[in-house]
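User: Please take a close look at the place where the two chains meet, and set it out in one connected account.

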Amino acid sequence: MEIFQVVGFGIVGTIFIVLIRENRPELARLLAVAVGLIILVYVIGYLRIVLDVINEMALEAGIEPVFLRTLFRIIGIAYLSEFGAQVARDAGEGSVAMKIELAGKIIILVMAIPILTNVLESILEFIP
Amino acid sequence: MELKTDILFQIAGIGIFISVINIVLKQAGKEEQAQMLTLVGVVIVLLLVLQLIADLFESVREIFNLY
């Protein structure tokens, strides 16, 4: 069972972080980032399975692959910006975290423009 | 697809090691060397963390096919 591994890893990591924080707070912060990264890399491997299944289902349903690719890209950008913002917030830099989130939102908006224009075009087709 | 436990233990080991050596150096009155040791420790751990970040970016790019 993978959940035991992740929970055990998290507990061991937390113990080490608390142990190191007394003397070396800067190393404790880096260790916290490393623990988060290791768990994230581990879990994202499982996400691949889910995404493959969704891809197959979309192919069978005949959804245009361009839309699905854009959707996946947006999800990836959201994950990354969320992670970066969380790291910055953990280090006490709330303003940097806000800017990272803002950048993520704007880039997602830019990526969504083709879909938006497509929706508008199909709406205009319905209206005579 | 496995938990990289070794990096956790490496970083924790470096942290504990540097704390101990730092105490020894401070007792011996060598403040400058202690400062340098701290800096070196941070740089080494930063390199390890950087490798992990690159790993995450690479896998996210591959899975969500970002450019």
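Analyst: What follows begins with the contact between the chains and then turns to the parts around it.

The model is predicted, and what is said here describes that model. The contact between the chains draws 32 residues from chain A and 28 residues from chain B. On the side of chain A that touches chain B, the elements that give two or more residues are α1, α2 (25-61) and α3 (65-90) of chain A. Of these, α2(A) gives the most, with 17 residues. By residue class, the side of chain A that touches chain B divides into 22 nonpolar, five polar and five charged residues.

Within this contact, one pair of helices can be followed residue by residue. Helix α1 of chain A (residues 2-21) and helix α1 of chain B (residues 5-27) have axes that come within 10 Å of each other and cross at roughly 15°. Because angles under 35 degrees count as roughly parallel, this crossing makes α1(A) roughly parallel to α1(B). The crossing in which α1(A) passes α1(B) is left-handed. From α1(A) the contact is made by A:F9, A:V12, A:G13, A:F16 and A:I20, and from α1(B) by B:T5, B:L8, B:A12, B:G15 and B:I16. The residues of this contact of α1(A) with α1(B) comprise seven nonpolar, three polar and no charged.

The partner that α1(B) belongs to, chain B, has two helices and zero strands. Its radius of gyration is 17 Å, well over the 11 Å that the globule rule gives for 67 residues, so chain B is more spread out than a compact globule. Along its principal axes, the C-alpha trace of chain B spans about 55 × 25 × 10 Å. Of the 67 residues in chain B, 18% are buried.

On the other side, α3(A), which is among the elements of chain A that give two or more residues to the side touching chain B, also packs within its own chain. Its partner there is helix α4 of chain A (residues 94-126), and the two helices pack at an angle of about 175° with their axes 8 Å apart. Because angles over 145 degrees count as roughly antiparallel, this packing makes α3(A) roughly antiparallel to α4(A). The residues of the contact of α3(A) with α4(A) divide into 16 nonpolar, five polar and three charged.

Conventions
Residues numbered from 1 in each chain as written. Chains lettered and ligands numbered in written order. Predicted model: local features only at pLDDT ≥ 70, side-chain atom pairs only at ≥ 80, totals over all residues. Axes fitted to C-alpha atoms, helices over the stretch in contact; angles between N-to-C directions. Helix = DSSP H or I, 4+ residues; strand = E, 2+ residues; numbered from the N terminus. Parallel < 35°, antiparallel > 145°, perpendicular 65-115°, else oblique. Left-handed = near helix turned anticlockwise from the far one by under 90°. Contact = placed C-beta atoms within 7 Å. Nonpolar A, V, L, I, M, F, W, Y, C, P; charged D, E, K, R; others polar. Rg over C-alpha atoms; globule rule 2.2 N^0.38 Å. Buried ≥ 20, exposed ≤ 12 C-beta atoms within 10 Å, placed from the backbone.
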